[in-house]
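Here's a quick walk through two parts of this structure. Have the sequence and the 3D view open as you read.

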Protein chains: 4
Amino acid sequence: MVRVGILGATGAVGEALIRILLGHPEARLTFLASDHASGTRVDEALPVLRGQTDAVLRKPDLAGFAAEADVVFLAKKGADSMDWAPRLLAGGLRAIDCGAEFRFRDPAVYERFYGTKHTCPDTLAEAVYGLPELYRDRIRAARIVGVPGCYPTTAILPLAPLLAEGLVSPAAIAVDAYSGLSGAGKTYNEKTRNLFVDCDENCRAYSPLVHRHAPEIEQELSLAAGTPASVLFVPHLLPLDRGILTTIFADAGKRPASTADVLALWRRRYAAEPFIRIFDKLDEVTLANVHRTNYADFSALVDPRSNKVVIVAALDNIVRGACGMAVQSMNLMFGLPETTGLLFRCV
Amino acid sequence: MVRVGILGATGAVGEALIRILLGHPEARLTFLASDHASGTRVDEALPVLRGQTDAVLRKPDLAGFAAEADVVFLAKKGADSMDWAPRLLAGGLRAIDCGAEFRFRDPAVYERFYGTKHTCPDTLAEAVYGLPELYRDRIRAARIVGVPGCYPTTAILPLAPLLAEGLVSPAAIAVDAYSGLSGAGKTYNEKTRNLFVDCDENCRAYSPLVHRHAPEIEQELSLAAGTPASVLFVPHLLPLDRGILTTIFADAGKRPASTADVLALWRRRYAAEPFIRIFDKLDEVTLANVHRTNYADFSALVDPRSNKVVIVAALDNIVRGACGMAVQSMNLMFGLPETTGLLFRCV
Amino acid sequence: MVRVGILGATGAVGEALIRILLGHPEARLTFLASDHASGTRVDEALPVLRGQTDAVLRKPDLAGFAAEADVVFLAKKGADSMDWAPRLLAGGLRAIDCGAEFRFRDPAVYERFYGTKHTCPDTLAEAVYGLPELYRDRIRAARIVGVPGCYPTTAILPLAPLLAEGLVSPAAIAVDAYSGLSGAGKTYNEKTRNLFVDCDENCRAYSPLVHRHAPEIEQELSLAAGTPASVLFVPHLLPLDRGILTTIFADAGKRPASTADVLALWRRRYAAEPFIRIFDKLDEVTLANVHRTNYADFSALVDPRSNKVVIVAALDNIVRGACGMAVQSMNLMFGLPETTGLLFRCV
Amino acid sequence: MVRVGILGATGAVGEALIRILLGHPEARLTFLASDHASGTRVDEALPVLRGQTDAVLRKPDLAGFAAEADVVFLAKKGADSMDWAPRLLAGGLRAIDCGAEFRFRDPAVYERFYGTKHTCPDTLAEAVYGLPELYRDRIRAARIVGVPGCYPTTAILPLAPLLAEGLVSPAAIAVDAYSGLSGAGKTYNEKTRNLFVDCDENCRAYSPLVHRHAPEIEQELSLAAGTPASVLFVPHLLPLDRGILTTIFADAGKRPASTADVLALWRRRYAAEPFIRIFDKLDEVTLANVHRTNYADFSALVDPRSNKVVIVAALDNIVRGACGMAVQSMNLMFGLPETTGLLFRCV
């Protein structure tokens, strides 16, 4: 039984982690920490949990974590995570960060795009990028995992194997992505203008070409390609709660391939993956199929006239794009079957 | 391990049953029957299941059910259920009907409202109304259970105890109900006009005062009150997928009561119920809280000026209003803990 | 040509007024005032207006209004309206207030429900309740009109004639109302929690029995009935932008009536009304039919068992529930055909 | 006063035409034809029109059209339009076809993509492609206009001037488009699966690279470029009613340009256009801004690293993508100011 602490238990990420872990047969939530709501029951802060737990929120506390938890999920923003992560490791705990602080190989990239100094570069240096399909063995051994961003996951999973084998070119890959509003969090947010009346019956791009997930995508695609890769990343907002659908246009690589070749490569590469589903046709990939699951679904179509590869990928941004993937890493870190607690939802 | 067959596996009800039961630790889906899709894999008919099962749909077959299943869920419409139910019982199986065929005490009421002859009144006579909070012991022993309608469940659970103890009057209870579109099924339906463009950004009543769930509500409220009860039932369509929110206006009964009295009665009556949640205030009852769960949430407010009791109740029409409740009955029938497989969803 | 000023031009009400009046052939927007955005073009503050006007927002200014406008719409909150209204009248202008400050006959009711002192009771005393179907002649002559609330309009229009002629009882009328989110305005609002993720796929009641529109409904229903009327008003939020659908349950009055009687009375009473549409059946009343129009649609069904009258009414909360109705009053005040600028939308 | 007939008055296109033309001060609807509903009032077939017209639907009839109309809108599918168009012209009428039958220069392209023989190639030969910004003078003189497709309009308006002046390359332009469901019509449609439960909270591609609008886009882009242009067109469905948002990725052309250059070219080319709005930034282009209007909004961003041009374009598929644009052509054909009846909606 893995004993789990959560820092930032009442935010969107914290809430989703609690809900997944309450149903996880090999995990026990032992320490739910919240700076501003400590002392109250978690099901008072999050009434959706009524009937499922009588846990009380507590002030975060290193000694408490060390005594009661094996791993702590960091579900907070920025500075706090960089403050806590090294202390948790020093206290003998393992950590899984759901923010952006432990995703980048180069702290300078983090600092440029997030506009803040990285205060624990040594911890960053040992952090493992928490994409199990690419880094499974390193995650198993990691003391700290940086959970990938939601948009990057939709782009990296289909593209990495194609870049590695030269089926697509690493230059100027167009990543046209559409996300539901749960990605914007549970409070008002100037950048996404996430009021109902601004989003309902609406669709628009935001942060085109300059979104913080662009350098993260480029980091991983470059590693996969073995040469610098570049993307044109244009995120948009969809009038729905959950899910990201990403359509990708890439030039053929050194080894131009047919649709069948692309599908075959993926099926070979991901044959043993429990959470990857390859579909024959682009239009079979839907947000409905991945809704509230840990699957990443994708398909490809090669245009015979232009040799361009078109990909459509879908996932649930809160489960596969954040908290489900985080729990998948936890399962690996503690030697549990990787799918534990993640295979089903209650319809 | 309960061995489960499903008749009508690819409809809206069948799909939800499969998804719940795949995650149920004490059930095994052994026989998925479909008249029109037999021979194909269920995850081809329902791609959302890809990766979770390799079961193949089969033609329904009594000997097959008898050999391989302990219980069969009837997830079909009308005549088929009345045809299969007696044969399944005769074959030594137990049956849980998710349609309307085994809900009424009086076949004449069924015949009047459903416009078709009841062809197995004897089976109907032994059927138990599958509302565990009211008929738990009878369900345990039942050979056949008729799962309640979704709307009736939202009205009966809060009203039955209040009627039983005289806190509300059984006369002319206004039941103003709002349902998401999943209740209208997976094909086009003239009555609900369930095209996206007819429902999006729209709301309207349908079948006011004459909906088939009205006599079902009245049957159970009358039994609870010990005297004939009548309702004005006005269902409406909400532009969303899942959930029913019902607002009820009832006159005070012989024993007029305050808001606190009503809440206290419910808390006493439902103290041990795992799937009932009582909230202090009407505005705390939301569809979001019950989304894809087996909970029924409700609250009350007594108007001090008029002595009217106002109730708001919410549930997920597919889980608590149909398939989750059906599995809850299955758990009871086979001596399993009642909440098995029903407590969580994957966020 | 009526010269029009607007105070609070960039809020939800101001924006809708501008859009209606830009298309109004007998009105000219001469003074668009905004406290915080003066000096900028209105189509910069409201990009939806690009291409339709090059007007510049200005600081509100009494002399400016007096010189350039015949009427000023007050599209601001609370205190500001009470400050400006008497000054505008003193300056020889006429005023149409879209807030709650000039709706109540009794300032004490306003003060109790809005929690603030009414600072210009004399102006309130001369204000006319801007419901043309009830007060057409008085509106024509009014110096100041208080535009009704959106919810009250849905309840008063169908109920007033029935109360006046004794077809329904004035006691304990249940008004169960469902509104889209545009009613919650264009900024975050604690009471309605109007973030997309809190409203999408959700429905819930708010302010049950204590919403500020309840006393406004009771004021007008009491006047219509000639005796005190009382309502149980329960507003809810619908996951859509525009529209209110209200279902009403009332007891029969001294003169019990059939469905046909109710429809006939309405058709007689409202025969000449350009913006009232009576439908034969409850389920023909839909939000889609009134979307972005100035119509109020309703129908009735009398329950033969209980003699209760069930009514469903629909309107667009921003047009018929606020700005369209305000322009309808302006048309009356300035001797224009009442429907000018209000009959059509561009699909 | 232009006398207008409509063939197919009760479909989605017919309904929108009626609503626009009822508010058009220089048009009179004289002949509303419907094959299956003749003899009934149009506001019975389309209750949203209640109170706006008492017109009765009639059987289509050439003599009737000739006697009573100056122009007939063809709002029907396929074969019917090809049957009626030549007869209307022969009868001295002008025609505006809202389908695909009169959009293609080459009947063979039509036949290949629509799978049916073109039965009036002579009429097609004289038809003008009804995009006023490109063919204004020819539309003025046309006897028959083929209204462009909704998706093509979003791609052609921004791309045509850039191709004409060499700012983008005509090769392999990625057109990633997202449409609301009103584009799928008012009946169930296998290709778009337009039931509420299949579209709500969902997003998916359909007909990728093979949609019938692809050759239409290529026809017009090739003409603009003066050389064959090719597109990768991937349409998707958005969970909303109205609007298309299209994101385009194109390579730089012979004359690579900055963002400012692209915006400047558009502003010069479209300076006098009443229905084109150029925005400085991609994220200012929203479906909300064009909702139920005749505007086409767009913006561009040139990626300095890759020299790719990224464009976001938005329009209302029913107004600017079909019926509004059709009325714009009618205005031109009859010498009316081009914006007549099209500038405003009632908020």
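## Helix H10 of chain A

In this predicted model, helix H10 of chain A covers residues 213-225. Those 13 residues, at 1.5 Å a residue, should span 18 Å, and the end C-alpha atoms are indeed 18 Å apart, so expectation and model agree. Just past the helix comes Gly226(A), with a positive phi of about 75 degrees.

Which residues of H10(A) are buried? The list runs His213(A), Ala214(A), Pro215(A), Glu216(A), Ile217(A), Glu218(A), Glu220(A), Leu221(A) and Ala225(A). As for what they pack against, the partners in chain A are two helices, H5 (107-114) and H8 (150-164), plus the strands E5 (128-129), E7 (173-179) and E9 (231-237).

## How chains C and D are related

Now over to the other pair of chains. Chain D lands on chain C after a rotation of 180 degrees with 0.0 Å of shift along the axis, at an RMSD of 0.0 Å. That is what a two-fold axis does. In chain D, the C-alpha nearest the axis belongs to Arg345(D), at 2.2 Å. Both copies use the same surface, as 100% of the contact residues of chain D recur in chain C.

## What chain D brings to the contact

On the chain D side, 27 residues are in contact with 27 residues of chain C. Helices H1 (12-22), H12 (287-290) and H13 (319-333) of chain D are the elements that each give two or more residues to that side. H1(D) gives the most, with 4 residues.

Sorted by class, the side of chain D that touches chain C has 15 nonpolar, 5 polar and 7 charged residues.

Terms used:
Residues are numbered from 1 along each chain as its sequence is written. Chains are lettered from A and ligands numbered from 1 in the order in which they are written. This is a predicted model: local features need pLDDT of at least 70, side-chain atom pairs count only at pLDDT 80 or more; totals for chains, interfaces and linings use all residues. The expected span of a helix is 1.5 Å times one less than its number of residues. A residue is buried if 20 or more other C-beta atoms lie within 10 Å of its own, exposed if 12 or fewer, and partly exposed in between; C-beta atoms are placed from the backbone. Two residues are in contact if their C-beta atoms, placed from the backbone, lie within 7 Å. Copies are superposed by least squares on the C-alpha atoms of residues with pLDDT of at least 70 in both. Ala, Val, Leu, Ile, Met, Phe, Trp, Tyr, Cys and Pro count as nonpolar, Asp, Glu, Lys and Arg as charged, and the others, Gly among them, as polar.
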